[in-house]
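Student: Please take one residue of this chain and go through its surroundings closely. Begin with the fold as a whole, then move to the single site.

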Amino acid sequence: MPQLAAFAILTFILYLGDVAATRTKSKMPSIFVGAVLFLVGYWTFFPDDIVEIAGFPTPVVYLAMYLLVTNMGTLLSMDELKRQWRTVVIALLGITGIAAVLFTVGQLFLDYETIIVVTPPLTGGIVSSLIMSEAAANAGLESLAVLAILIYVMQGFIGYPLTSFMLQREGRRVLALHRAGDWTPASGVPAKAPEEKAAPARLFRRLPPEYDTIYFKLFRLGLVALAAWGVAQLVAPVFEISPFVLCLVAGVIGSSVGFLERQPLQLANSFGFVIMILMLFILGGLYRATPEMLLELAGPMFGAIFIGIAGMYAFSFVAGKLLGMTPSMAFACSLTALYGFPADYVITNEVVDSLTEDAAEREVLSAHMLPSMLVAGFVTVTMVSVVLAGIFSGLL
């Protein structure tokens, strides 16, 4: 397949996802539609490496991830991170709910090895899935090795629309309060006006605009991401920490001290392209899910997903009630464990755009929902799931 043909096909699929999300007001998220179309493509005429053929090999994907995660950090402030401690607790309890119900109710339907293999992927992303897949293969459990990957691939089909539904409920609640004049942000201060996003970084305000070019913005963003990656490498002999977690923190620090603007990728006109790279990479992982595999493993796969989500909902509901977060928002934060970043960002923005066309109202909704979704996604997928996978892989 020619490179440009692959690129055209894949971007058209993403476009169809956007159209579906717009037409259904995000009841059918774009990433869900994209996943279905990718599956159809792989089951018909897509080559397995169509994403690489289109020009996006793994090194390019990682570069995009480093830049995008650092960019996401600029949306948060140090005060915001301190306020998100409730989100962290709720996300952790949501993961606890998955494990607790799988190891109790789940044992009525699934054997012990299956529960061991599926639990870490249900609480996180591709890294935990690969760890458990390799551990199952080394233990001679070939079908469970495939199941670990399928759990990662398929859980989003449930997580995407469910998250969208929960965020829409929360968004409508916030909009109603805001329009009635009764809405107070968690910080106790009004959300920043949309035009403030374009303000230059504080340390470079005296720099003439003609020198604050696209490349200078990307240079500074890359420098901050490099610093985060370097710290991860320095501490690696002592303990493992994901460079993506450090990139998020570095983005927060970089914008707080005035070295980075808010959302430098957007200001550099690069955000859409970077998001596209990551979306294609995530959806490209569906090449593993053949129809035969889905039929053979459908029972344990969907059984584990539904049981795990039930436990997640129960625990996050109680945690939200205790910590002052609505059940809808608490469950949405916990659901980030099923897909993580950047899907949490994409779905949240789609919901915000679908609920209102007013820029000020969109800012209110984003300020309320996006920080919690981003923090929850990094707690569940990037941090906790890898730790769980390391523990559970030794139990097989």
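Tutor: Helices here are DSSP runs of H or I with at least four residues, and strands are E runs of at least two, numbered from the N terminus. On that basis the protein chain, which is a predicted model, has 17 helices and zero strands. Its radius of gyration is 21 Å, close to the 21 Å from the globule rule for 396 residues, so the chain is as compact as a globular protein of that length. Along the principal axes, the C-alpha atoms fill a box of roughly 65 × 55 × 50 Å.

Buried residues account for 52% of the 396. Of the contacts between residues at least 6 apart in sequence, 82% join residues at least 24 apart. The exposed area is about 17500 Å², with carbon and sulfur atoms supplying 66% of it. The chain carries 21 positive and 27 negative side chains, and the centres of these two sets are 12 Å apart.

The site chosen is Asn71, in helix α4, which spans residues 58–73. Is Asn71 buried or exposed? Buried means under 20% relative accessible area, and Asn71 has 0% relative accessibility, so it counts as buried. What does the side chain of Asn71 reach? The Asn71 side chain comes to 2.9 Å from the backbone nitrogen of Leu265. Leu265 is also one of the residues in contact with Asn71 once neighbours within four places in sequence are left aside. That list further includes Gln263, Pro264 and Gln266, along with Leu221 and Phe271.

Note on methods
Residues numbered from 1 in each chain as written. Predicted model: local features only at pLDDT ≥ 70, side-chain atom pairs only at ≥ 80, totals over all residues. Heavy atoms only, no water. Rg over C-alpha atoms; globule rule 2.2 N^0.38 Å. Buried < 20%, exposed > 50% of the residue type's maximum accessible area, 1.4 Å probe, protein only. Contact = heavy atoms within 4.5 Å. Areas by Shrake-Rupley, 256 points an atom, 1.4 Å probe, with all protein chains shown as cover. Lys, Arg positive; Asp, Glu negative; His and termini not counted. Charge placed at Lys NZ, Arg CZ, Asp CG, Glu CD. Polar contact = N/O pair within 3.5 Å; in protein donor to acceptor, adjacent residues only side chain to side chain.
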